[in-house]
Amino acid sequence: MKTARILAIAVTLVVAVPLLVLNVWGARMSLWAVEQTRQFATDTPSMTDPAPMPRNPLRFFHDRGELRDTFATDALTDQRSIVITEWIEPADLLTAGEPLPDPTHLALYAQARAPQRMIRYCTEVIAAFGTACDVMRTEAQFPTTGPTAISAHLTYIPAGILGDPDLVNNGEFFIAPARLYEMRDHEKPPFNSESRIAAMQKAQDICDRLRETYGNCIVSRLDLRPVEIWRTDLERLPPGTDPIRLDATAIIKIYADKTQTANDDLRQIVQSLTTAD
């Protein structure tokens, strides 16, 4: 009986709260419409900018949640991630002396052991621009030919200044990709710790520049993955050259006035900052 009563109260709240919010929003819309009608009905209508129309409350709640998770500096959230991929041999998932499992079980081994293996990359995230880091999830691919690929989605708390999105009027999220090494594969840096940290810092530098214009910025995602140099390219490079290079793409995210901002403009600015020396 007690459980049924609690469940009934919970269902009532789930239904009643959104209806209450919508009623409040409806009342605000009515007051806004009356005020606009009053202004234009007078002999000397106001020449100031009209009051903005109240926003849909459901959209407001969604935006506030995304804002909180994007710009929070006290919690790890799924709105910020560094995705690092590495190539491994199946034996790399095993402990010393442990025999290889049946190939049909490799996916289970990867699912169980990849987080412990990939947490080490958090040291690079913290060295570059984070105060905290953890493995959010991992993925594994076992192609019929070629190496096994393990990817880790690392969530992090930014160390730098993010800006204050609450200062933005008519706010909306805008995103733009930044290909950090837009060059031929053999010209890209090697896939090592130093290069990955440098890529994180480069993405952060782009965000710092954007913050000067828009007031806020976050590297919401950074993909760091290995690419292999073609044999013909490797043959003309010095002996012992690392054939595995780093490919890096950042997703830059800002919260800006939607009446004064466009995704195309942001993409052009990010492109110019990415290619700048």
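This report describes the fold of one protein chain, from its overall make-up to its sheet and the helices beside that sheet.

The model is predicted. The chain has 277 residues, and 37% of them count as buried. Its exposed surface is about 16,700 Å², of which carbon and sulfur atoms supply 57%. Among contacts with a separation of 6 or more, 73% are between residues 24 or more positions apart.

**Elements**

Seven helices and six strands make up the secondary structure. Read from the N terminus, the order is α-α-β-α-α-β-β-β-α-β-α-β-α.

**The sheet**

The six strands form an open sheet with mixed pairing, in the order β2-β3-β1-β5-β6-β4. Its edges are β2 (130-141) and β4 (171-179), each of which pairs on one side only. From one strand to the next, the twist averages 20°.

The table gives three of the strand pairs.

| Pair | Sense | Bridges |
|---|---|---|
| β2 and β3 | antiparallel | ten |
| β1 and β3 | antiparallel | seven |
| β5 and β6 | antiparallel | ten |

Single residues show where these strands meet. Gln141 stands opposite Ala149 in β3. Ile82 has Leu154 in β3 as its bridge partner. Strand β5 covers residues 218-228 and strand β6 covers residues 244-257; the partner of Asp223 in β6 is Thr249.

Strands β2 and β3 form a hairpin with six residues between the strands. In this hairpin, Gly146 takes a positive phi near 95°.

**Strand β3**

Strand β3 spans residues 148-158 and is mostly covered, with eleven of its eleven residues buried. In a regular strand, side chains alternate between the two faces of the sheet. On one side of β3 are Thr148, Ile150, Ala152, Leu154, Tyr156 and Pro158, all buried. On the other side are Ala149, Ser151, His153, Thr155 and Ile157, which are also buried. Both faces of this strand are therefore covered, where buried means under 20% relative accessible area.

**Helices on the sheet**

Helix α5 (residues 193-214) lies across four strands, namely β1 (81-88), β4, β5 and β6. The helix runs at about 20° to β6. Helix α7 (residues 263-275) also packs on the sheet, where it touches β4 and β6. The direction of α7 makes about 35° with that of β4. Strands β4 and β6 are thus named for both helices: α5 lies across them, and α7 touches them.

Definitions and conventions: Residues numbered from 1 in each chain as written. Predicted model: local features only at pLDDT ≥ 70, side-chain atom pairs only at ≥ 80, totals over all residues. Heavy atoms only, no water. Pairing = 2+ DSSP bridges. Helix = DSSP H or I, 4+ residues; strand = E, 2+ residues; numbered from the N terminus. Axes fitted to C-alpha atoms, helices over the stretch in contact; angles between N-to-C directions. Contact = heavy atoms within 4.5 Å. Buried < 20%, exposed > 50% of the residue type's maximum accessible area, 1.4 Å probe, protein only. Areas by Shrake-Rupley, 256 points an atom, 1.4 Å probe, with all protein chains shown as cover.
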